[in-house]
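The following text walks through one model, beginning with a single helix and working outward. Please keep the sequence and the coordinates at hand while reading.

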Amino acid sequence: MPQPPTLKIVEIFPSLQGEGLRQGEPTIFVRLAGCNLKCSFCDTKYAWRGGRDYGPSQVVEKIKKMRARFPAHWVCLTGGEPLLQDLRQLVSLLKKEKFKVQVETNATRYYPLSIDWYTISPKPKAYSFAPEYQARAKEVKLVATKDLRLGVIKKLRQTFPEKTPILLQPQSSKRWSQRLAMKIIRQALEAGLKNVRLSAQLQKILHIR
Ligand code: SF4
C-alpha cells in the first residue's frame, strides 16, 4: 500500500516529448489526475478524474524501472493539472535520481518547486496565469482555439520576456485551427511581435506514444 501523502496518477509511460521546444526528446511522462478547468477542447479529458494512488517513492521506483529499458533523462509531470497535487516530495526524489523535470501546467496555480522547465499553457477565455511564471516559464503554449486573438498574444508578449517563445499550437492538428494559428502568426509578425511561433503535436502527427 502506498504511504501518505499519495498522488492520484492516471498513467506513467515512456515516450518522446511531442510538444514545445523539447520536442523529440526521450521523456517519461507522469499524468496526474484532476483539473480545475474543463476546457471543451481538452484532449486529456480522461485525466479529469480517477487515477490510482501512488506514494512518491513508488512513482520513482516505477520510473527507474522504465529508465532501465528506455534511458530517458527527463520526466514530464503533466495532467490534467499536475499542480493541484503536492509534487514537492516527488520532485525532490526525482532530482536525487538526477532526472531533469518538466512541469506542464495551465498556470492557474503556483508553488515553489526545484524543477528545470515550466511549460505554461494559459487557457481561454481569461488566459490568466500566476505572476510567478513571468520569470520562470521556458515557453508559453497556446492552443489555437476560436477564442484566440492577436490581442491575447500582444498582452502575453508584453508580459513575458522576449526570449520566452509564445507557441501557437493547432487544436489536435485540425485544419481550421492550423489556418487560425498561421493567420495570427502573420498578424503578430506584422505587429512587430518577436518570438511567436507555430508548434505542432508530434505525437498526433506521427502517432507516437
Ligand atoms: S487545463 Fe488542460 S487538462 Fe485541464 S481541461 Fe484544460 S486542456 Fe484539459
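In helix α1, the buried residues are Pro56, Val59, Val60 and Ile63. Because these residues cover an arc of only 95° around the axis, they lie on the same side of α1. The spacing follows a general rule: an α-helix has 3.6 residues a turn, so residues three or four places apart point the same way. The other side of α1 carries Lys65, Ala68 and Arg69, which are exposed. This is a predicted model, and local features are taken only where pLDDT is at least 70.

The helix itself runs over residues 56-69, 14 residues in total. From its first C-alpha to its last, α1 reaches 21 Å, close to the 20 Å expected at 1.5 Å a residue.

What lies over the buried residues of α1? The cover includes four strands, namely β1 (7-16), β2 (26-32), β3 (52-54) and β4 (74-78), and one helix, α2 (88-96).

Helix α2 can be read in the same manner. Its buried residues are Leu90, Val91 and Leu94. They too are placed on the same side of their helix, because the arc they cover around the axis is only 95°. The cover over the buried residues of α2 includes β1, α1, β4 and β5 (100-105). Strands β1 and β4 are thus among the elements covering α1 and also among those covering α2. Just after α2, Lys98 takes a positive phi of about 70°.

The next topic is the ligand. Around the ligand stand Cys35, Leu37, Lys38, Cys39, Cys42, Thr44, Gly79, Gly80, Glu81, Asn106 and Lys123. Sorted by class, this shell holds four nonpolar, four polar and three charged residues.

It remains to place these parts in the whole chain. The protein chain contains six helices and nine strands. Its C-alpha trace spans about 55 × 35 × 30 Å along the principal axes. How does the radius of gyration relate to that of a compact globule? For 209 residues such a globule would have a radius of gyration near 17 Å, and the protein chain has 17 Å, which agrees.

Burial and contacts can be stated for the chain as well. Of the 209 residues, 36% count as buried. Among contacts between residues at least 6 apart in sequence, 65% join residues at least 24 apart.

Key. Residues numbered from 1 in each chain as written. Predicted model: local features only at pLDDT ≥ 70, side-chain atom pairs only at ≥ 80, totals over all residues. Helix = DSSP H or I, 4+ residues; strand = E, 2+ residues; numbered from the N terminus. Rg over C-alpha atoms; globule rule 2.2 N^0.38 Å. Buried ≥ 20, exposed ≤ 12 C-beta atoms within 10 Å, placed from the backbone. Contact = placed C-beta atoms within 7 Å. Near = placed C-beta within 6 Å. Nonpolar A, V, L, I, M, F, W, Y, C, P; charged D, E, K, R; others polar. Expected span 1.5 Å × (residues − 1). Arc of directions from axis to C-beta.
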